[in-house]
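Thanks, everyone. I'll put the structure up now and walk you through a few parts of it.

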Amino acid sequence: MAPLTVQHLAGNTYIIPSPANMGVWVDEGRATLVDSGNDDDAGRKIIKLFAEQGWTLERIINTHSNADHIGGNAFLTARTGCTVLA
């Protein structure tokens, strides 16, 4: 997977373009991630990207349970202590 980038959509809302696009909503540096990518590698890249933005991952919202949408959950929760909502 190539390095991840973040694109501002409007207000507090962003998108991370990828094979399974991920959404981000940020409030005062606290981020909610919508879907977490395919695997641990996606999780590592999300952590790096959020650090570059100065964001702290607080929660993940999963839209559905396909692997390309939940694959980063375990890695991200272990590294950040974030919660997962589905």
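So, before anything else, this is a predicted model. Let's start with the helix α1 and its buried residues: Ala-42, Gly-43, Lys-45, Ile-46, Leu-49 and Phe-50. Those residues sit on the same side of α1, because the arc they cover around the axis is only 165°. Go round to the other side of α1 and you find Lys-48, Ala-51 and Glu-52, which are exposed.

And what covers the buried residues of α1? The cover includes four strands, β2 (13-16), β3 (22-27), β4 (30-34) and β5 (56-61), along with the helix α3 (73-80).

A quick check on the geometry of α1. The helix has 14 residues, running from 40 to 53, so at 1.5 Å a residue it should span 20 Å. The end C-alpha atoms are 20 Å apart, so that agrees.

Now the two ends. At the N-terminal end of α1 there's a cap, and the residue doing it is Asp-39: one of its side-chain oxygens lies 3.2 Å from the backbone nitrogen of Asp-41. At the other end, Gln-53 still belongs to α1. With a relative accessible area of 36%, Gln-53 falls between the 20% and 50% cut-offs, so we call it partly exposed. If you want a distance to keep in mind, Gln-53 and Asp-27 are 26 residues apart in sequence, and their C-alpha atoms are 12 Å apart in space. Then, just after α1, comes Gly-54 with a positive phi of about 80°.

Okay, on to the sheet. It's an open one with six strands, in the order β1-β2-β3-β4-β5-β6, and the pairing is mixed. At the edges you have β1 (7-10) and β6 (83-85), each pairing on one side only. On average, neighbouring strands here are turned by 30° against each other, if you ignore direction.

How do the helices sit on that? α1 packs on the sheet and touches β2, β3, β4 and β5, with its direction at about 145° to that of β4. α3 packs on the sheet as well, touching β4, β5 and β6, and its direction makes about 145° with that of β5.

Back to the β1 edge for a second. β1 and β2 run antiparallel, joined by three bridges. In one of those pairings, Gln-7 has Ile-15 in β2 as its bridge partner.

Let me zoom in on one residue in β4, Thr-32. Is Thr-32 buried or exposed? Its relative accessible area is 6%, under the 20% cut-off, so Thr-32 is buried. The Thr-32 side chain has a polar contact, at 2.8 Å, with the side chain of Arg-59. If you skip the neighbours within four places in sequence, Thr-32 is in contact with Gly-23, Val-24, Trp-25, Arg-59 and Ile-61.

Last thing: two residues that have a positive phi without being glycine. One is Glu-28, with phi near 50°, in the loop between β3 and β4. The other is Asp-35, at about 75°, in the loop between β4 and α1. What about their accessibility? Glu-28 has 70%, over the 50% cut-off, so Glu-28 counts as exposed. Asp-35 has 3%, under 20%, so Asp-35 counts as buried.

That's my tour. Happy to rotate the view if anyone wants to look at a particular spot.

Terms used
Residues numbered from 1 in each chain as written. Heavy atoms only, no water. Expected span 1.5 Å × (residues − 1). Buried < 20%, exposed > 50% of the residue type's maximum accessible area, 1.4 Å probe, protein only. Arc of directions from axis to C-beta. Contact = heavy atoms within 4.5 Å. Polar contact = N/O pair within 3.5 Å; in protein donor to acceptor, adjacent residues only side chain to side chain. Pairing = 2+ DSSP bridges. Axes fitted to C-alpha atoms, helices over the stretch in contact; angles between N-to-C directions.
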